[in-house]
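Trainee: Could you pick one part of this structure and take me through it slowly? I'd like to see how its pieces fit together, and then what lies elsewhere in the chain.

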Amino acid sequence: MSCKTLSENALKILMTANPYRKCYFTLKAFNQWQNDQIPEIGESICIEHPRRPNKPTILLPKFMPRRRGLNKKNTRIALLHSLAHVELNAIDLAWDIIARFNNYNLPLSFYNDWVDIAKDEAIHFLMLSKRLKELGSKYGHLEAHGGLWDAAKKTSHNLIYRLAIVPMYFEARGLDVSPKMIEKLKNVKDEKSAKCLKKIYFDEISHVKIGEYWFRWICEKNEMNPQETWKNSINQFFRKKIPIPENNIGRKKANMSIYLS
Ligand SMILES: [Fe+2]
Ligand SMILES: [Fe+2]
């Protein structure tokens, strides 16, 4: 299939089940977009669910096995495997935003940002896959949960809601836990895994920042208060009241501190 528009590229990637091919097509589309070889954004395309490989088996979050002690190789493999799964979801989430939401009169820079994010997520997935291989495992060898795509489905009707929940809540939560995980990996002398997580952490700060920028951009265009809109979105999404997270360095760098006061 030859893809003339950015939406068609997004659809092709979303419908590619093999994770390595998904990454390959993502990096190819990123290069073509950078070199003006994709001339237009195209029509809005909405899919119900991206295609995925047969493995890993998807479980509900509450059925995921709990593993403790990063000094054990199997626990480190489980951690890297769950992160690889998050990254695979993140590739699809970036392409879904590009394909789905083109009815907000968004400038070209919006699409540039999300193509760039999709490229980062593909690199993150490939980096973690490589590390899993070095540790004698592979993406698909363990179970994974489908929580992130559920968030995509619940926010499929509204870009403000999507940005408030996906980059500004779920990705921002990654900024809370990453520094501690990096420290723990260093403590057990797994420098290679720590290095992977450090690269991801820095890139994710920019993803949250981009999410926040566009969220605020749309709120301002619609004369909505960003802080109130974010809090209302979070309260609507979660059935029970969730604690407001700590305002740490990662969140400050991502411009999320204004939402936590
Ligand atoms: Fe990522
Ligand atoms: Fe990200």
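**A close look at the two-iron site**

Mentor: Let's start with Glu121, which is buried, its relative accessible area being just 1%. Anything under 20% counts as buried. Keep in mind that this is a predicted model.

Now look at what Glu121 is holding. It coordinates both the iron ion (ligand 1) and the iron ion (ligand 2), and those two lie 3.7 Å apart. In other words, Glu121 is a bridge between them.

Take the iron ion (ligand 1) by itself. Its protein donors are two OE atoms of Glu87, an OE of Glu121, the ND1 of His124 and an OE of Glu204, and they lie 1.9 to 2.7 Å from the metal. Read along the chain, these donors follow the spacing E-x33-E-x2-H-x79-E. Glu121 belongs to helix α4 and Glu204 to helix α7, so this pair ties together parts that sit 83 residues apart in sequence. Like Glu121, Glu204 counts as buried because its relative accessibility is 10%.

Now hop over to the iron ion (ligand 2). Here the protein donors are Glu121 (OE), Glu171 (OE), Glu204 (OE) and His207 (ND1), at 1.9 to 2.2 Å. Their spacing in sequence reads E-x49-E-x32-E-x2-H. Again distant parts of the chain get linked: Glu171 is in helix α6 (residues 159-187) and Glu204 is in helix α7, 33 residues apart. With 17% relative accessibility, Glu171 counts as buried too.

What about the geometry at this second ion? The four donor atoms subtend angles of 83 to 152 degrees, which makes the arrangement irregular. As a yardstick, the ideal angle for four tetrahedral donors is 109.5 degrees. To be called tetrahedral, all the angles would have to lie between 85 and 135 degrees, so a range of 83 to 152 degrees doesn't qualify.

While we're on helix α7, follow it to another feature. The helix covers residues 191-221, and Trp214 and Trp217 are three residues apart in it, so about one helical turn separates them. They form an edge-to-face aromatic pair, with 5.3 Å between the centres and 65 degrees between the planes. Trp214 counts as buried because its relative accessibility is 1%. Both tryptophans belong to one aromatic cluster together with Phe110, Tyr111, Trp114 and Tyr213. Across the structure there are 18 aromatic pairs.

Helix α4 gives us another trail. Residues 108-134 make up α4, and it is one of the helices that the buried residues of α1 pack against; the others are α2 (19-34), α3 (73-100) and α5 (147-154). Those buried residues of α1 (residues 6-14) are Leu6, Ser7, Asn9, Ala10, Ile13 and Leu14. They cover an arc of only 160 degrees around the axis, which means they're on the same side of α1. Lys12, meanwhile, has its charged end over the ring of Phe25, 4.1 Å from the centre.

One last stop, on helix α3. His81 lies there and is buried, at 1% relative accessible area. Leaving out residues up to four places away in sequence, His81 touches Pro56, Leu132, Lys138, Tyr139, Gly140, His141, Leu142 and Glu143.

If you keep one picture in your head, make it Glu121 bridging the two iron ions.

Key:
Residues numbered from 1 in each chain as written. Chains lettered and ligands numbered in written order. Predicted model: local features only at pLDDT ≥ 70, side-chain atom pairs only at ≥ 80, totals over all residues. Heavy atoms only, no water. Phe/Tyr/Trp six-rings, centres within 6.5 Å; stacked < 30°, edge-to-face > 60°. Helix = DSSP H or I, 4+ residues; strand = E, 2+ residues; numbered from the N terminus. Buried < 20%, exposed > 50% of the residue type's maximum accessible area, 1.4 Å probe, protein only. Lys NZ or Arg CZ within 6 Å of the ring centre and 35° of its normal. Donors = N, O, S within 2.8 Å, 3.2 Å for Na, K, Ca; no water. Tetrahedral: all angles 85-135°; square planar, octahedral: opposite > 155°, others 65-115°. Arc of directions from axis to C-beta. Contact = heavy atoms within 4.5 Å.
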